[in-house]
Amino acid sequence: MENVLIYDDQLASAEYTPSHPFKPVRAKLFMELLHRYCEISDEHFTMKRPEPLDEELLYLFHERAYINLLKMAERGEFSPDMVQAGLGTDENPIFRGMFQLALTIAGGTHGGAMLLAEGTARAVFDPISGLHHAGRRRAAGFCYVNDINIAIAELVRMGRRIAYVDIDVHHGDGVQEAFYATDRVLTISLHESGETLFPGTGFETEIGIDKGRGYNVNIPLRAGTDDEVYVEAFEAVVPPLVERFRPDIVFAQIGADTHRDDQLAHLNLTSNAYKQVVSRINELSPRIMAMGGGGYNVYKTAALWTLAWSVLIGTEPADKFTGLVGGMMYGPEAEAGSLEDLPFSLTGREKELCQAQVQRVVEYIKKTVFPIHGL
Ligand SMILES: [Zn+2]
């Protein structure tokens, strides 16, 4: 079985508006780092271009009225309903090509999911995907079309069991919305608490309803949380639940905005925890669809994705250009030549507060969710 990287240079050149923080160009930098640090040969993975999604598949999740608004916006027409649908804000601006871009992003994830379902691929990574905030009838948090929900819904329709693990710093609220009442998809999101970060949801008490009760899991973390506390929370909850659920395919939204240098959030992770957690998710996954998600420090995001992809394809990155003078610069001087960060650890009162939050949340999940799974 192959490893497949979904990438298109033209898509990576797209942008919402010049000042918008969601930058597909991160994927371009990721490709450069991949060339610099990893062997790229047919042996390790193949590359595929994302194809635009068949429009009918949008309705596996989205409402027609909302999709019509997206198409109108793309044509430059205005409807007062757009305000309600979150369109035309700083966060989700209206711009030329927006519907086509959303269709292509969703097509990338869907195409990857089909390769996994057929058994052609073992691991797929699509850096420009994982738009977990898009709702049934609204755009939110830079997301217009929820590529994740569409691909998962299609696989569920085909009878597959799917686990969704979201390590982006923001709560995966759009995915929670889609599968809140079903036991066919296990949804787990680790994120900075909604008390201090968008979208303000994802508390541990949101565990699903009806048949879905116990199949939606949230681990809200205190602002400031470091590697050690993060890994402790992950290990206590994710492996036991995913192992017990026995998914056919794992969807992993591996947003890089948990990094301590990210401008939009307040966690303190380094590449060390990120790599460790991606590696653990990979071990838990018979097959894996990895999606790039968020990450607003362009260099750090590209570096973390490079580490993630090398974990998924089983290579160890090494700088092929070490010692060469006059090479390209990939970021601040101190970082050129290394993808990985020095360790960082909180101390004192702040550390205790972060630990106390994790203990409280893990205890709650063990008491309310674990018994539903016979754990
Ligand atoms: Zn995010």
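This note goes through a predicted model point by point.

1. Basis. The model is predicted, so local features need pLDDT of at least 70 and side-chain atom pairs count only at pLDDT 80 or more, while totals for chains, interfaces and linings use all residues. Residues are numbered from 1 along each chain as its sequence is written, and side-chain values use heavy atoms, with hydrogens and water left out.

2. Zinc donors. The zinc ion takes its protein donors from Asp 168 (OD, listed twice), His 170 (ND1) and Asp 257 (OD). They lie 1.9 to 2.8 Å from the ion. Donors here are N, O and S atoms within 2.8 Å of the metal (3.2 Å for Na, K and Ca); water is not among the atoms, so sites may look incomplete.

3. Zinc geometry. The arrangement is irregular because the four donor atoms subtend angles of 52 to 155°. Four donors count as tetrahedral if all angles lie between 85 and 135 degrees; four count as square planar and six as octahedral if opposite donors are over 155 degrees apart and all others between 65 and 115; anything else is irregular.

4. Zinc site in sequence. The donor spacing reads D-x1-H-x86-D. His 170 sits in the loop between strand E4 (162–166) and helix H7 (173–179). Asp 257 sits in the loop between strand E7 (249–253) and helix H9 (271–283), and the pair is 87 residues apart. Helices (H or I, at least four residues) and strands (E, at least two) are DSSP runs, numbered from the N terminus. Both His 170 and Asp 257 are buried. Buried means under 20% relative accessible area, exposed over 50%, partly exposed in between (1.4 Å probe, protein chains only).

5. Cysteines. There are zero disulfides, a disulfide being a pair of cysteine sulfur atoms within 2.5 Å. Cys 143 is buried at 3% relative accessible area. Cys 354 is buried too, at 0%.

6. Glu 228. This residue belongs to helix H8 (residues 227–245). Glu 228 is partly exposed, at 47% relative accessibility. Leaving aside residues up to four places away in sequence, Glu 228 touches Ser 345 and Lys 351. Contact means heavy atoms within 4.5 Å.

7. Helix H10. This helix covers residues 298–313, and its end C-alpha atoms are 23 Å apart. That agrees with the 22 Å expected for 16 residues at 1.5 Å a residue. Of those 16 residues, 15 are buried. Asn 297 caps the N-terminal end of H10, with a side-chain oxygen 3.3 Å from the backbone nitrogen of Tyr 299. Just after H10, Gly 314 has a positive phi of about 75°.

Conventions: Expected span 1.5 Å × (residues − 1). Polar contact = N/O pair within 3.5 Å; in protein donor to acceptor, adjacent residues only side chain to side chain.
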